[in-house]
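Colleague: I'd like to go through this one with you before I set anything up. Can you pull up the sequence and the structure?

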Amino acid sequence: MNRNGLGRNKGWHRIMHGRGFRVTAPREAVLSVLEKEKTHLSAKEIYAKVIVIEPSVGLTTIYRTLEMLAEMGVINRVEIGDKTTRYEIKSNSSKHHHHIICTNCRKVIDYSEFSEEEKKLFTKMTKNIEKKYNVKITGHNVQFFGICLDCEK
Ligand SMILES: [Zn+2]
Ligand SMILES: [Zn+2]
């Protein structure tokens, strides 16, 4: 483990160990890539970067590893309205954020600069939904769609 010196003491490392998940070579490689890139990548993009670290890993393993890690709650699946799922790391250090997606170039922008007013509104909405539908809300996934500045030019 940690042959590459990557990922040591990272948020995901603690999460994996804390929950008793084994840190296998493909898992470590995928998480290291997502941690380093700090962005939303498709399985194929992740694969291209993983094989630099772990040349023996195949694309099928990447798909399976990504599904496993998403189930474990270590990474997020990001659906942006095309057919390709993107993934991002969910570590202690990464702030809670929402996504703004350009419908033209499919660029994903993280939005985390929430004002106090917005946070209050969200808490209120969550409480209302819980009351109205008799559910316990444990999370949410908000996406805004639009056209980015580059595409508007
Ligand atoms: Zn765009
Ligand atoms: Zn994101």
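Colleague: Which residues are the protein donors of the zinc ion (ligand 2)?

Modeller: Keep in mind that this is a predicted model. The donor atoms lie 2.0 to 2.3 Å from the zinc ion (ligand 2), and the cut-off for a donor here is 2.8 Å. Three of the atoms are histidine NE2, one is an OE and one an OD. By name, the donors are His-40, Glu-88, His-97, His-99 and Asp-110.

Colleague: How are the donor residues of the zinc ion (ligand 2) spaced in sequence?

Modeller: Going along the chain, the order is His, Glu, His, His, Asp. Written as a pattern, the spacing is H-x47-E-x8-H-x1-H-x10-D.

Colleague: Take the pair His-40 and His-99: how many residues apart are they?

Modeller: His-40 sits in the loop between helix H2 (25-37) and strand S1 (41-42), while His-99 belongs to strand S4 (residues 98-102). Both histidines are buried. The pair links distant parts of the chain, and the separation is 59 residues.

Colleague: On to the rings. Which residues are linked into a cluster by ring pairs?

Modeller: Searching the whole structure turns up 2 aromatic pairs. In one, Tyr-111 and Phe-114 meet edge-to-face, 5.3 Å centre to centre with 85° between the planes. In the other, Tyr-111 and Phe-144 have centres 6.4 Å apart and planes at 90°, so that pair is edge-to-face too. The cluster is therefore Tyr-111, Phe-114 and Phe-144.

Colleague: In which strand is Phe-144, the distant partner of Tyr-111?

Modeller: Tyr-111 is in strand S5 (residues 108-111), and Phe-144 is 33 residues apart from it. Tyr-111 is partly exposed at 21% relative accessible area, and Phe-144 counts as partly exposed at 40%. The strand that holds Phe-144 is S6 (residues 143-146).

Colleague: Is Tyr-133 buried or exposed?

Modeller: Tyr-133 is found in helix H5 (residues 116-133). Together with Leu-121, Met-125, Ile-129 and Val-135, Tyr-133 makes a nonpolar surface patch of about 470 Å². Exposed means over 50% relative accessible area; Tyr-133 has 55%, so it counts as exposed.

Colleague: And Thr-65: which residues does it touch, not counting those up to four places away in sequence?

Modeller: Thr-65 has its place in helix H4 (residues 59-72). Its relative accessible area is 8%, and the cut-off for buried is under 20%, so Thr-65 is buried. With residues up to four places away left out, the ones Thr-65 touches are Pro-26, Arg-27 and Val-30.

Terms used: Residues are numbered from 1 along each chain as its sequence is written. Chains are lettered from A and ligands numbered from 1 in the order in which they are written. This is a predicted model: local features need pLDDT of at least 70, side-chain atom pairs count only at pLDDT 80 or more; totals for chains, interfaces and linings use all residues. Side-chain values use heavy atoms; hydrogens and water are left out. Donors are N, O and S atoms within 2.8 Å of the metal (3.2 Å for Na, K and Ca); water is not among the atoms, so sites may look incomplete. Helices (H or I, at least four residues) and strands (E, at least two) are DSSP runs, numbered from the N terminus. Buried means under 20% relative accessible area, exposed over 50%, partly exposed in between (1.4 Å probe, protein chains only). Patches are made of residues with over 30% relative accessible area and no salt bridge: like charges are joined within 9 Å, nonpolar side chains (Val, Leu, Ile, Met, Phe, Trp, Tyr) within 5 Å. Accessible areas come from the Shrake-Rupley method with a 1.4 Å probe; for residues, only the protein chains shown count as cover. A salt bridge is a side-chain nitrogen of Lys or Arg within 4 Å of a carboxyl oxygen of Asp or Glu. Rings of Phe, Tyr and Trp (its six-membered ring) pair if their centres lie within 6.5 Å; planes under 30 degrees apart count as stacked, over 60 as edge-to-face and the rest as tilted. Contact means heavy atoms within 4.5 Å.
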